[in-house]
Amino acid sequence: MNVNQSAPPVPPFGQPQPVYPGYHQSSYGGQPGSTAAPTPYGAYNGPVPGYQQTPPPGMSRAPPSSGAPPASTAQAPGGQAAYGQFGQGDVQNGPSSTVQMQRLPGSQPFGSAPLVPVVSQPAVLQPYGPPPTSAQVTAQLAGMHISGAVAPVPPTSGLGYGPPTSLASASGSFPNSGLYGSYPQGQAQGHPGAQPPQRSVLPQASSFTPSASGGPRMPSMTGPLLPGQSFGGPPVSQPNHISSPPPQALTPGTQMSGPPGPPPPMHSSQQPGYQLQQNGSFGPARGPQPNYGSPYPGTATFGSQPGPPQPLPPKRLDPDAIPSPQLNELPPQQKTRHRIDPDAIPSPIQVIEDDRNNRGSEPFITGVRGQVPPLVTTNFLVKDQGNASPRYIRCTSYNIPCTSDMAKQAQVPLAAVIKPLARLPPEEASPYVVDHGESGPLRCNRCKAYMCPFMQFIEGGRRFQCCFCSCINDVPPQYFQHLDHTGKRVDAYDRPELSLGSYEFLATVDYCKNNKFPSPPAFIFMIDVSYNAIRSGLVRLLCEELKSLLDFLPREGGAEESAVRVGFVTYNKVLHFYNVKSSLAQPQMMVVSDVGDMFVPLLDGFLVNVNESRTVITSLLDQIPEMFADTRETETVFAPVIQAGMEALKAAECAGKLFLFHTSLPIAEAPGKLKNRDDRKLINTDKEKTLFQPQTGAYQTLAKECVAQGCCVDLFLFPNQYVDVATLSVVPQLTGGSVYKYACFQVENDQERFLSDLRRDVQKVVGFDAVMRVRTSTGIRAVDFFGAFYMSNTTDVELAGLDGDKTVTVEFKHDDRLNEESGALLQCALLYTSCAGQRRLRIHNLALNCCTQLADLYRNCETDTLINYMAKFAYRGVLNSPVKTVRDTLITQCAQILACYRKNCASPSSAGQLILPECMKLLPVYLNCVLKSDVLQPGAEVTTDDRAYVRLLVTSMDVAETNVFFYPRLLPLTKSPIENTTEPSAVRASEERLSNGDIYLLENGLNLFLWVGASVQQGVVQSLFGVSSFSQITSGLSVLPVLDNLLSKKVRGLIDGLRAQRSRYMKLIVVKQEDKLEMLFKHFLVEDKSLSGGASYVDFLCHMHKEIRQLLS
Ligand SMILES: [Zn+2]
């Protein structure tokens, strides 16, 4: 494709041109054909040394992917003409001011806001500042293995970090404690009790005899829809149904570890008893340390054998692998009793609290290049002064190694997590919309980057040099402005695109499909009316809800009514379309039974304005539940439903969204028919990956067609058994849609959650028919993308729909040397159609530092973002590789990252010390959480659908969501005085931190538990539950009674607050201590050893230390 010939006046989005008209047709035909060819304009241009009017072939370092770049305006006649027509709208942003400031991109607020002096950063923000005294967090593991002075663990005191039985200790292995119902005697605790022996003397640390769990079988939980977390033994009739583990092994008399006393102080470091060491690290002095509480029984199943735990091969338990000089002097029996104080290892809680205290009070001002933002767990305001807010873009590191060799050495992935349409808090302004009229936004002629604060104006303002590719461009006359004595345009602060990190451009018709401005989008509601959907009450509930929900369709700005039109389809084995034209007295149904060749039987009257057709729509929604009330039809189709919705949008020439409400595996004879291929025996085999792969390619093909039409699919699943989420979610995933899953849906139990999700989903602002492109300055380029989207070439992320929750993670690699002085730039451009039908471009810019010293890289990393990337990388990896390989890869990479730091950045110290970079001290604990997550190490209770579902959800999560998903928040509710209205401080997610006299909330963004200790004061029980004793509390309760007292109000308020923070409704489950449901709850205590064999934090840290030592030796 010859780009020079085909470039339209303002080439849309740097895509192969002339393509907007046909970008979908040509792109989706099947094999990526011509459009799959490298992009002509090259996002990744090499530098052009100096200005070249016409770069001679071979001289300019053209983009690797392109032919000769259209470097000069003279070569782009269209563009030239466009500039010539520039006549209106070029001064949309008010008269130019005469602000004279040093050229410091974005250091000033846009518009007429008062000038703010460049803020000098507090010490903690200094990327190059001296490291804090705790810059190197160390835990001297060698010293942790000391146990000589510790008396044998009393059997009643819980299991500590390993089984207390002599059998277990002798072998050092974790006996088969992961299978429900198979706890050996003395192993009642699935999780190691995590109770250091010294705590056993605390008054509250009594042991509990599991009374409730002695029954033969647990009643199944009807309600709790725990994505990815259904519990229960082997599936019986309803694999997705949450039932409790058979507890028969918990024989009476088996000692459960009692809750320990009040949680110990949460300081990860600065433990009393540690001496600060010369290198800034600290750790216990060598020698017996009686305070170390937990035995270290050896390595668990770290990189291997996900799934039900198995006894470890003895070779993994070589005590010599554990650096402990004292070890060989110990009597054999004590060899495995290595002690590590959990308080001595880095604490997520402490890191989060420190960041809140240090950075939560001041706004984050984005004017300075390479600043690491506050953590996602810190509440802070953002002031855009030239770089995109961290709400839009977060990076794994804000200081990039200059060379690929350095990057390879460090193994720190370079990635950005981008949320282009992120919602902002009310205090922060939405991006300004810039209208350049017919000429459209100003772009670099060569790399097509959009005008931004980093473009350098030269020659008195008549030209500008592109900050991405160095090309020198003419400034169109209408855009001309004089420069001040510093070389900055005098109107810089009146133009968002010259002073802000994020802004929007109104797109011209050149950015529209078929060179036509788009119509407003449409929503089509497609409702399964088969037997299961009717019987569960879903159809009636949904129809009732839609009657009012249709008044809340998304609208733009101050629009009085939504521009979105709506349509309705019901289906089982056949499809029913409804004519709801406003002129009709009653809706009309049209049945299409030829599902093999789907067509839309009506155009006029199918997609309507809600207000105009309200009477007819209401009548339809009243009639649907009645019409199918007596259905016996159990079979459904699925692909034809999507096909029909897509065809309807195509016929209406608009983008839009399908809301599918579906209950079962589509086994009816039709395209996309599926069979039940669930097979848990594949777990831990090389074929496990097939469980995550779609069983037919038909949905992929369908998805391509949908993307071409701008048809986004949101899928609400209500399965009673296996529905093959991996296959059904293909279209939602590739079209930027969402999937919601409500296993064993019952109206009475699940309506609040479903309706809450539905309301949010229907109301949220969506961009349609979107294309996202990430441009970078010379030296790095985007090489890999993760998220819910489709790509037909290597650079353009295509999204039929994109909402404010969806995130795209982009990985960068070097293709040249970077320069410390110029740094590195990212520009994310999203072209989309707003919900009112306006075509827009949203631009986010971010400047990063570059370094020649590895220490600078490690000082400016963000572990939460790193984990977001690593989780997505791993979760995609399971599609193609055995899960064990994926896990091992993660562990190896983490070890390499930390070993590189140790070798190159840490001051010399004994090999027995584990030294972690300050910014990455939580990498081991968080990585362990990823490794033991349901996708990578499923427990026996996790279904195939659950795993596929969780995999899908994580793929689009932002950094805040992955953070709390992998390391849940555990909030003590009754520790602080009731009058205290501030949110309680979280405690570490370990059973050891629970006290049986207290109540805790646990949330991970999807699940919400209220854990009630068995010794909670009667008054508290009364206040919260309205019953007189602990035994009267209903286990599994999902709604707290509304009681008129301070505690009740406070707890309910807190729950509401947590729900409001999350993008999906979290259903509450009340868990009583020692109740059967507690097993479910303990799954989320991620610092403990998991039932599925996942390592405890302490064990994993030791393992990681061993891996690092091996790399260094
Ligand atoms: Zn350029």
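Is C711 buried or exposed? C711 is buried, with a relative accessible area of 0%. Keep that cysteine in mind as you explore this structure, which is a predicted model. A zinc ion held by C444, C447, C466 and C469 is one place to visit, and a pocket with about 1300 Å³ of space is another. Here is a tour, topic by topic.

**The zinc site**

- Start with the zinc ion, which is coordinated by the SG atoms of C444, C447, C466 and C469 at 2.2 to 2.3 Å.
- What makes the arrangement around the zinc ion tetrahedral? The four donor atoms subtend angles of 102 to 116° around the ion, and that is why the arrangement counts as tetrahedral.
- If you look for the donor residues in the sequence, you will find them spaced as C-x2-C-x18-C-x2-C.
- C447 sits in the loop between β9 (433-434) and β10 (456-458), while C469 sits in the loop between β11 (463-465) and β12 (472-474), so this pair ties together parts that are 22 residues apart in sequence.
- C447 is buried, with a relative accessible area of 1%, and C469 is buried too, with a value of 0%.
- K448 is also found in the loop between β9 and β10, and K448 is buried at a relative accessible area of 5%.

**The annotated domain around it**

- The UniProt record, an unreviewed entry, places the feature "domain: Zinc finger Sec23/Sec24-type" at residues 441-479.
- How much of the span 441-479 is helix, and how much is strand? The span is 0% helix and 23% strand.
- The end C-alpha atoms of residues 441-479 lie 11 Å apart.

**Cysteines without disulfides**

- A disulfide is a covalent bond between the sulfur atoms of two cysteines.
- How many disulfides does a search of the whole structure find? The search finds zero.
- C706 is in no disulfide, and the nearest cysteine sulfur to it belongs to C711, 4.2 Å away.
- A pair of cysteine sulfur atoms must be within 2.5 Å to count as a disulfide, so a separation of 4.2 Å does not qualify.
- Seen from the other side, C711 is likewise in no disulfide, with the sulfur of C706 as its nearest cysteine sulfur.
- C706 counts as buried at 0% relative accessibility, and C711, the residue we began with, is buried at 0% as well.

**The largest pocket**

- Rolling a probe the size of a water molecule over the atoms shows where empty space is left.
- The largest pocket holds about 1300 Å³ of space.
- Its lining is made of 49 residues, and those nearest the centre of the pocket are V376, N379, A960, Q1061 and R1062.
- Several elements each supply at least two residues of this lining, including α6 (348-359), β6 (393-395), α22 (959-966) and α24 (1046-1061).
- Which element gives the largest share of the lining of the largest pocket? That element is α22, with five residues.

**The largest cavity**

- The largest cavity has a volume of about 330 Å³.
- It is lined by 24 residues, of which L953, S956, E961, S1063 and R1064 lie nearest its centre.
- The elements α15 (730-734), β20 (739-741), α21 (944-955) and α22 each supply at least two residues of the cavity lining.
- The largest share of the cavity lining, three residues, comes from α21.

**Backbone angles to look up**

- Most residues other than glycine have a negative phi, and most peptide bonds are trans.
- Q411 is not a glycine, yet its phi is positive, at about 65°.
- You can find Q411 in the loop between α7 (404-410) and β8, where Q411 counts as partly exposed at 28% relative accessibility.
- K448 is not a glycine either, and K448 has a positive phi of about 70°.

**Loop residues and their partners in space**

- D679 lies in the loop between β18 (656-662) and α13 (698-709), and D679 is partly exposed, with a relative accessible area of 23%.
- D679 and T944 are 265 residues apart along the chain, and their C-alpha atoms are separated by 8.0 Å.
- V564 is in the loop between α10 (538-549) and β15 (565-571), and V564 counts as buried at 3% relative accessibility.
- V564 and L553 are eleven residues apart in sequence, and 6.9 Å separates them in space, C-alpha to C-alpha.

Definitions and conventions: Residues numbered from 1 in each chain as written. Predicted model: local features only at pLDDT ≥ 70, side-chain atom pairs only at ≥ 80, totals over all residues. Heavy atoms only, no water. Donors = N, O, S within 2.8 Å, 3.2 Å for Na, K, Ca; no water. Tetrahedral: all angles 85-135°; square planar, octahedral: opposite > 155°, others 65-115°. Helix = DSSP H or I, 4+ residues; strand = E, 2+ residues; numbered from the N terminus. Buried < 20%, exposed > 50% of the residue type's maximum accessible area, 1.4 Å probe, protein only. UniProt positions renumbered as here; feature names shortened; annotations may be inferred. 1 Å grid on protein atoms, 1.4 Å probe; cavity = no way out; pocket = protein on both sides within 12 Å on 5 of 7 lines; lining within 4 Å. Points joined across faces, edges and corners; volume = space filled by probe spheres on them.
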